[in-house]
Amino acid sequence: MTARPTPADPDQLRELLSGDARRIAPQLLGSVLSHNSHEGTVAVRITEVEAYMGPGDSLHPDPGSHTFRGPTARNAPMFGPAGHLYVYFTYGMHYCANIVCGPPGVASAVLLRAGEVVEGVHLAGVRRPTSKSPRDLASGPARLAAALALTTADSGRDVLSEPFELQLPEIPAADVSSGPRVGVSGDGGSRDYPWRFWLPGDPTVSRYKAAKLRPAKFQSR
(Lines give C-alpha, C1' and ligand atoms only; values in the text may rest on other atoms or scores of the structure.)
Protein backbone atom coordinates (compact mmCIF):
# COMPACT_ATOMS: atom_id res chain seq x y z
CA MET A 1 0.00 0.00 0.00
CA THR A 2 1.09 3.61 -0.61
CA ALA A 3 2.52 5.40 2.43
CA ARG A 4 0.33 8.06 3.98
CA PRO A 5 1.60 11.69 3.97
CA THR A 6 2.32 13.68 7.11
CA PRO A 7 -0.66 15.55 8.64
CA ALA A 8 -0.75 19.28 7.86
CA ASP A 9 -1.89 22.18 10.00
CA PRO A 10 -5.70 22.58 9.62
CA ASP A 11 -5.44 26.38 9.43
CA GLN A 12 -2.92 26.15 6.61
CA LEU A 13 -5.10 23.64 4.81
CA ARG A 14 -8.15 25.89 5.20
CA GLU A 15 -6.20 28.79 3.72
CA LEU A 16 -5.13 26.65 0.78
CA LEU A 17 -8.67 25.42 0.15
CA SER A 18 -9.95 29.01 0.20
CA GLY A 19 -8.42 29.60 -3.23
CA ASP A 20 -9.61 28.83 -6.75
CA ALA A 21 -10.95 25.27 -7.04
CA ARG A 22 -9.37 24.88 -10.48
CA ARG A 23 -5.95 25.53 -8.97
CA ILE A 24 -6.59 23.51 -5.82
CA ALA A 25 -7.93 20.39 -7.57
CA PRO A 26 -4.59 19.12 -8.98
CA GLN A 27 -2.91 19.89 -5.64
CA LEU A 28 -5.27 17.44 -3.94
CA LEU A 29 -4.00 14.54 -6.06
CA GLY A 30 -2.05 12.22 -3.81
CA SER A 31 -3.67 13.59 -0.66
CA VAL A 32 -5.30 11.20 1.82
CA LEU A 33 -8.81 11.64 3.20
CA SER A 34 -9.70 9.60 6.30
CA HIS A 35 -13.02 8.96 8.00
CA ASN A 36 -12.99 7.56 11.52
CA SER A 37 -16.30 5.93 12.46
CA HIS A 38 -17.57 3.48 15.05
CA GLU A 39 -16.86 0.75 12.48
CA GLY A 40 -13.21 1.74 12.12
CA THR A 41 -11.05 3.97 9.91
CA VAL A 42 -10.94 4.05 6.14
CA ALA A 43 -8.42 6.27 4.35
CA VAL A 44 -8.32 6.96 0.60
CA ARG A 45 -5.43 8.41 -1.41
CA ILE A 46 -7.03 10.70 -4.00
CA THR A 47 -6.07 9.95 -7.61
CA GLU A 48 -8.76 11.77 -9.63
CA VAL A 49 -10.77 14.96 -9.04
CA GLU A 50 -12.94 17.51 -10.83
CA ALA A 51 -13.27 21.23 -10.13
CA TYR A 52 -16.68 22.95 -10.15
CA MET A 53 -17.30 26.68 -9.96
CA GLY A 54 -20.28 29.00 -9.49
CA PRO A 55 -23.63 30.38 -10.64
CA GLY A 56 -24.34 31.86 -14.03
CA ASP A 57 -24.20 35.40 -12.64
CA SER A 58 -20.90 34.91 -10.77
CA LEU A 59 -17.36 35.86 -11.79
CA HIS A 60 -16.71 32.23 -12.76
CA PRO A 61 -19.95 30.77 -14.15
CA ASP A 62 -19.93 27.00 -14.57
CA PRO A 63 -22.79 25.38 -16.52
CA GLY A 64 -21.74 22.00 -15.14
CA SER A 65 -22.01 23.02 -11.50
CA HIS A 66 -24.91 22.33 -9.15
CA THR A 67 -24.79 26.03 -8.26
CA PHE A 68 -25.18 27.32 -11.83
CA ARG A 69 -28.84 28.27 -11.34
CA GLY A 70 -28.19 29.79 -7.93
CA PRO A 71 -28.24 28.72 -4.28
CA THR A 72 -30.62 26.05 -2.99
CA ALA A 73 -30.97 24.15 0.24
CA ARG A 74 -29.08 21.23 -1.31
CA ASN A 75 -26.10 23.13 -2.74
CA ALA A 76 -25.77 25.58 0.20
CA PRO A 77 -22.50 23.98 1.47
CA MET A 78 -20.82 24.84 -1.85
CA PHE A 79 -21.02 28.52 -0.94
CA GLY A 80 -18.57 28.00 1.92
CA PRO A 81 -16.73 27.91 4.14
CA ALA A 82 -13.81 26.08 2.59
CA GLY A 83 -12.78 22.69 3.90
CA HIS A 84 -16.30 21.40 4.41
CA LEU A 85 -18.04 18.56 2.59
CA TYR A 86 -20.71 18.86 -0.06
CA VAL A 87 -22.32 15.43 -0.53
CA TYR A 88 -25.20 14.86 -2.93
CA PHE A 89 -27.43 11.93 -3.87
CA THR A 90 -27.69 10.99 -7.53
CA TYR A 91 -29.54 8.49 -9.73
CA GLY A 92 -31.61 7.52 -6.72
CA MET A 93 -28.87 5.24 -5.40
CA HIS A 94 -25.42 6.87 -5.14
CA TYR A 95 -23.68 9.49 -3.02
CA CYS A 96 -20.85 11.67 -4.34
CA ALA A 97 -18.54 13.76 -2.15
CA ASN A 98 -16.90 17.13 -2.76
CA ILE A 99 -14.54 19.29 -0.74
CA VAL A 100 -15.72 22.89 -0.72
CA CYS A 101 -13.23 25.53 -1.88
CA GLY A 102 -13.05 29.31 -2.14
CA PRO A 103 -13.90 32.10 0.31
CA PRO A 104 -17.29 32.09 2.08
CA GLY A 105 -20.08 33.16 -0.27
CA VAL A 106 -18.21 32.11 -3.43
CA ALA A 107 -19.46 28.75 -4.69
CA SER A 108 -16.90 26.15 -5.74
CA ALA A 109 -15.85 22.63 -4.83
CA VAL A 110 -13.68 19.71 -5.88
CA LEU A 111 -15.42 16.41 -6.60
CA LEU A 112 -13.49 13.40 -5.32
CA ARG A 113 -13.72 11.10 -8.34
CA ALA A 114 -11.42 8.21 -7.48
CA GLY A 115 -8.74 6.95 -5.14
CA GLU A 116 -6.80 4.08 -3.59
CA VAL A 117 -7.83 2.72 -0.19
CA VAL A 118 -4.63 2.89 1.89
CA GLU A 119 -6.15 2.03 5.28
CA GLY A 120 -9.19 -0.03 6.23
CA VAL A 121 -9.23 -2.18 3.09
CA HIS A 122 -11.33 -4.88 4.76
CA LEU A 123 -13.92 -2.40 6.04
CA ALA A 124 -14.07 -0.69 2.65
CA GLY A 125 -14.67 -4.12 1.12
CA VAL A 126 -17.57 -4.74 3.49
CA ARG A 127 -19.07 -1.44 2.39
CA ARG A 128 -18.36 -2.24 -1.28
CA PRO A 129 -19.19 -5.97 -1.54
CA THR A 130 -19.45 -5.86 -5.34
CA SER A 131 -15.81 -4.81 -5.78
CA LYS A 132 -13.74 -7.42 -7.58
CA SER A 133 -10.33 -6.19 -6.33
CA PRO A 134 -8.86 -3.59 -3.95
CA ARG A 135 -8.28 -1.21 -6.87
CA ASP A 136 -12.06 -1.10 -7.47
CA LEU A 137 -12.98 -0.09 -3.93
CA ALA A 138 -12.84 3.67 -4.58
CA SER A 139 -12.50 3.84 -8.37
CA GLY A 140 -15.31 6.26 -9.15
CA PRO A 141 -17.07 8.99 -7.14
CA ALA A 142 -19.93 6.79 -5.87
CA ARG A 143 -17.52 4.00 -4.92
CA LEU A 144 -15.23 6.44 -3.12
CA ALA A 145 -18.10 7.90 -1.10
CA ALA A 146 -19.35 4.40 -0.23
CA ALA A 147 -15.90 3.23 0.87
CA LEU A 148 -15.65 6.25 3.18
CA ALA A 149 -19.28 5.86 4.32
CA LEU A 150 -20.17 9.40 3.25
CA THR A 151 -23.83 10.35 2.76
CA THR A 152 -25.87 13.53 2.57
CA ALA A 153 -25.90 13.48 6.38
CA ASP A 154 -22.23 14.50 6.12
CA SER A 155 -22.88 17.43 3.79
CA GLY A 156 -21.66 20.62 5.47
CA ARG A 157 -19.36 18.82 7.94
CA ASP A 158 -15.79 20.02 8.41
CA VAL A 159 -13.39 17.66 6.65
CA LEU A 160 -10.43 19.16 8.52
CA SER A 161 -11.54 18.01 11.96
CA GLU A 162 -12.64 14.76 13.62
CA PRO A 163 -13.96 12.35 12.55
CA PHE A 164 -12.23 13.36 9.31
CA GLU A 165 -8.64 14.13 8.40
CA LEU A 166 -7.13 15.48 5.19
CA GLN A 167 -3.40 15.07 4.58
CA LEU A 168 -1.68 16.66 1.60
CA PRO A 169 1.22 14.89 -0.13
CA GLU A 170 4.66 15.99 1.02
CA ILE A 171 5.64 16.50 -2.62
CA PRO A 172 2.95 17.62 -5.11
CA ALA A 173 2.33 15.30 -8.04
CA ALA A 174 4.81 16.09 -10.82
CA ASP A 175 2.76 14.44 -13.56
CA VAL A 176 -0.91 15.44 -13.76
CA SER A 177 -3.30 14.99 -16.69
CA SER A 178 -6.37 17.11 -17.33
CA GLY A 179 -9.39 16.97 -19.61
CA PRO A 180 -13.16 17.36 -19.84
CA ARG A 181 -15.26 16.34 -16.84
CA VAL A 182 -17.00 12.98 -16.83
CA GLY A 183 -20.71 12.67 -17.53
CA VAL A 184 -21.38 16.42 -17.61
CA SER A 185 -23.88 17.37 -20.30
CA GLY A 186 -23.93 20.54 -22.37
CA ASP A 187 -21.22 23.19 -22.40
CA GLY A 188 -19.93 22.14 -18.97
CA GLY A 189 -18.80 18.82 -20.37
CA SER A 190 -16.95 20.30 -23.32
CA ARG A 191 -13.22 20.85 -23.77
CA ASP A 192 -13.79 24.46 -22.75
CA TYR A 193 -13.95 23.11 -19.19
CA PRO A 194 -10.88 20.83 -18.83
CA TRP A 195 -11.33 20.73 -15.07
CA ARG A 196 -10.90 17.00 -14.50
CA PHE A 197 -7.46 16.14 -13.13
CA TRP A 198 -5.92 12.72 -12.54
CA LEU A 199 -2.68 10.84 -11.92
CA PRO A 200 -1.87 9.26 -15.30
CA GLY A 201 -1.29 5.54 -15.19
CA ASP A 202 -2.81 5.05 -11.76
CA PRO A 203 -4.99 1.90 -11.87
CA THR A 204 -7.70 3.42 -9.65
CA VAL A 205 -8.53 6.30 -12.01
CA SER A 206 -12.02 5.86 -13.44
CA ARG A 207 -12.68 5.48 -17.15
CA TYR A 208 -13.73 8.61 -19.02
CA LYS A 209 -17.37 8.68 -20.09
CA ALA A 210 -18.93 11.56 -21.96
CA ALA A 211 -22.47 12.53 -21.05
CA LYS A 212 -25.20 10.84 -23.05
CA LEU A 213 -27.20 13.26 -25.15
CA ARG A 214 -30.88 13.10 -24.40
CA PRO A 215 -33.06 13.21 -27.53
CA ALA A 216 -35.32 16.22 -27.75
CA LYS A 217 -38.99 15.51 -27.12
CA PHE A 218 -41.19 15.92 -30.18
CA GLN A 219 -43.88 18.50 -29.58
CA SER A 220 -46.86 18.32 -31.95
CA ARG A 221 -48.92 21.38 -32.66
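# A tour from strand 3 outward

Begin by selecting strand 3 (85-90) and strand 4 (94-100). The two pair in the antiparallel sense over six bridges. Strands (E, at least two residues) and helices (H or I, at least four) are DSSP runs, numbered from the N terminus. Two strands pair if DSSP finds at least two bridges between them.

This is a predicted model, in which local features need a pLDDT of at least 70, side-chain atom pairs count only at pLDDT 80 or more, and totals for chains, interfaces and linings use all residues. Residues are numbered from 1 along each chain as its sequence is written, and side-chain values use heavy atoms, with hydrogens and water left out.

**Stop 1: the hairpin**

Stay with the two strands. Strand 3 and strand 4 form a hairpin with three residues between them. Select Tyr-91 in the turn: its phi is positive, about 55°, although Tyr-91 is not a glycine. Is Tyr-91 buried or exposed? Tyr-91 is exposed, with a relative accessible area of 70%. The cut-offs, for a 1.4 Å probe and protein chains only, are: buried under 20% relative accessible area, exposed over 50%, partly exposed in between.

Strand 3 itself is mostly covered, with five of its six residues buried.

**Stop 2: Tyr-88**

Now select Tyr-88, which is in strand 3. Across the hairpin, Tyr-88 stands opposite Cys-96 in strand 4. Tyr-88 is buried, with a relative accessible area of 14%. Leaving out residues up to four places away in sequence, Tyr-88 touches His-66, Arg-74, His-94, Tyr-95, Cys-96, Asn-98, Leu-111 and Thr-152. Contact here means heavy atoms within 4.5 Å. Add Asn-75 to the selection: Asn-75 and Tyr-88 are 13 residues apart in sequence, and their C-alpha atoms are 8.3 Å apart in space.

**Stop 3: aromatic rings**

How many aromatic pairs does a search of the whole structure find? The search finds three. Rings of Phe, Tyr and Trp (its six-membered ring) pair if their centres lie within 6.5 Å; planes under 30 degrees apart count as stacked, over 60 as edge-to-face and the rest as tilted.

One of the pairs is Tyr-86 with Tyr-88: the ring centres are 5.7 Å apart and the planes stand at 35°, so this pair is tilted. Both of these tyrosines are buried. Next select Tyr-193 and Trp-195, whose ring centres are 5.0 Å apart with the planes at 80°, so this pair is edge-to-face. Tyr-193 and Trp-195 are both buried.

Then select Arg-196 and Trp-198. The charged end of Arg-196 sits over the ring of Trp-198, 4.1 Å from its centre. This requires NZ of Lys or CZ of Arg within 6 Å of the ring centre and within 35 degrees of the ring normal.

**Stop 4: strand 5 and its partners**

Select strand 5 (residues 109-119), which is mostly covered: 10 of its 11 residues are buried. Strand 5 pairs with strand 4 in the antiparallel sense over three bridges, and Val-100 stands opposite Ala-109 there. Strand 2 also runs antiparallel to strand 5, joined to it by nine bridges. In strand 5, Ala-114 is the residue opposite Glu-48.

**Stop 5: the cores**

Select Leu-17, Val-44, Val-49 and Leu-166: these have the most contacts inside the largest nonpolar core, which has 42 residues. Strand 2 gives the largest share of this core, five residues. A second core of nine residues lies apart from it, and includes Met-78, Val-100, Ala-109 and Val-184. A nonpolar core is a set of buried Ala, Val, Leu, Ile, Met, Phe, Trp, Tyr and Cys residues joined through side-chain atoms within 4.5 Å.

Go back to Val-49. Beyond its neighbours within four places in sequence, Val-49 is in contact with Ala-25, Leu-29, Val-110, Leu-111, Leu-112, Arg-113, Trp-195, Arg-196 and Phe-197.

**Stop 6: loops**

Select Gly-80 and Pro-81, where the peptide bond is cis with omega near 5°. Pro-81 is in the loop between strand 2 and strand 3. Another cis peptide bond runs from Glu-162 to Pro-163, with omega near 10°. Pro-163 is in the loop between helix 4 (141-147) and strand 6 (164-167).

Ala-149 also lies in the loop between helix 4 and strand 6. Phi of Ala-149 is positive, near 60°, and the residue is partly exposed, with a relative accessible area of 30%.

**Last stop: confidence**

Colour the model by pLDDT, the predictor's confidence in each residue, from 0 to 100. The protein averages 91, and 91% of the residues score at least 70. Finally select residues 214-221: here the pLDDT is below 50, and the stretch has zero contacts in the model beyond near neighbours in sequence.
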